[in-house]
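The following exercises concern side-chain accessibility and charge pairing. Please work through each task before reading its solution.

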Amino acid sequence: MLHILREYGMLLLVGQYPNGPLGGLAITLVLSVLGLALAFPLGVAIALLRASAFAWLRFPAAAVIYVVRGVPLLMFIFWVYFFVPVLTGRTVSGFTTMVITLVIYQAAYLAEIVRAGIEGLPGGQTEAARAVGLNYRQTMTKVVLPQALYNMVPALVSQFVSTIKETSLGYVISVNEVTFAANQINSSLMTQPFQVYFVLAAIYFCLCFSLTRLARWLERRITRRREGSYRAAPTAVAATTSVTSPPIVPKQAA
């Protein structure tokens with residue numbers, strides 16, 4: 001396996017770049033970042049509709065989420081690959097197909113993550129914002145969403161890990177990501193498929209394990225900061241009470 005890394009390591013990392021198109025692990029990361037970044041605002045919009053008090057907004061958003069999450073990603077890849085050229089009248093590259101697919105697919109999962117973050121906040125946050133005169137948009141953008149998004153950072157990192165693994169399906173439409181590069185190497189060697197795909201699995205494991213550990217570290221950090229703020233609140237209330245409350249003087253006996 002070491003000779004595979006020596007001879008084909010650059011193909012696995014960056015494809016044929018700089019003598020050819022960028023590929024390998026670099027394209028896997030580019031696809032993952034683009035898919036998650038473009039899906040995030042769409043996911044937030046769907047989550048706000050999903051959490052709306054109006055049924056005519058809530059039900060269509062829920063239908064979109066259930067349909068997207070109920071269909072395999074591979075099926076979505078084929079739908080986008082064959083439907084977008086019919087819709088636009090021009091051929092679409094495999095890279096563009098994967099970006100569109102990941103945006104649609106990840107938006108449905110991100111919407112549920114955002115909705116869970118919003119509904120996980122204490123109800124008093126919204127009530128306090130409305131009590132000081134903020135409307136619904138101001139309450140969401142200035143009070144609810146900043147706190148919810150902060151609490152969702154570990155879940156977003158975990159979703160990024162899932163996106164990295166989902167990009168491996170791009171090889172079926174010849175997207176030059178790391179799995180496609182491994183298939184090229186296997187076609188060249190012909191006699192070492194176990195070694196080639198073991199190296200591929202090790203690459204995925206090292207990358208995803210590192211990001212998973214990062215997500216757990218962020219989760220512990222957010223939990224400690226939240227617990228610290230909760231412990232500080234009673235102390236602040238007690239200090240305020242001791243300053244503002246008048247001292248109690250015992251009555252003298254007549």
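**Exercise 1.** Is Arg69 buried, partly exposed or exposed?

*Solution.* The model is a predicted one. Step one: the relative accessible area of Arg69 is 38%. Step two: buried requires under 20% and exposed requires over 50%. Arg69 is therefore partly exposed.

**Exercise 2.** Determine which residues form a network of salt bridges, and locate them in the helices.

*Solution.* Step one: the structure holds three salt bridges. Step two: Arg50 pairs with Glu112, their closest N and O atoms lying 3.5 Å apart. This pair links distant parts of the chain, with Arg50 in helix α2 (residues 24–50) and Glu112 in helix α5 (residues 94–119), 62 residues apart. Step three: Arg69 also meets Glu112, at 3.9 Å from N to O. Because Arg69 belongs to helix α3 (residues 55–69) and Glu112 to helix α5, this salt bridge ties together parts 43 residues apart in sequence. Step four: Arg115 forms a salt bridge with Glu112 at 3.0 Å between the closest N and O atoms. Both residues lie in helix α5, three residues apart, about one turn of the helix. The network thus comprises Arg50, Arg69, Glu112 and Arg115.

**Exercise 3.** Is Glu112 buried or exposed?

*Solution.* The relative accessibility of Glu112 is 15%, so this residue counts as buried. Arg50 is buried, and Arg115 is buried as well.

**Exercise 4.** Describe the surroundings of Met140.

*Solution.* Step one: Met140 is part of helix α7 (residues 136–151). Step two: with 11% relative accessibility, Met140 counts as buried. Step three: leaving aside residues up to four places away in sequence, Met140 touches Leu48, Leu145 and Pro146.

Notes:
Residues numbered from 1 in each chain as written. Predicted model: local features only at pLDDT ≥ 70, side-chain atom pairs only at ≥ 80, totals over all residues. Heavy atoms only, no water. Helix = DSSP H or I, 4+ residues; strand = E, 2+ residues; numbered from the N terminus. Buried < 20%, exposed > 50% of the residue type's maximum accessible area, 1.4 Å probe, protein only. Contact = heavy atoms within 4.5 Å. Salt bridge = Lys/Arg side-chain N within 4 Å of Asp/Glu carboxyl O.
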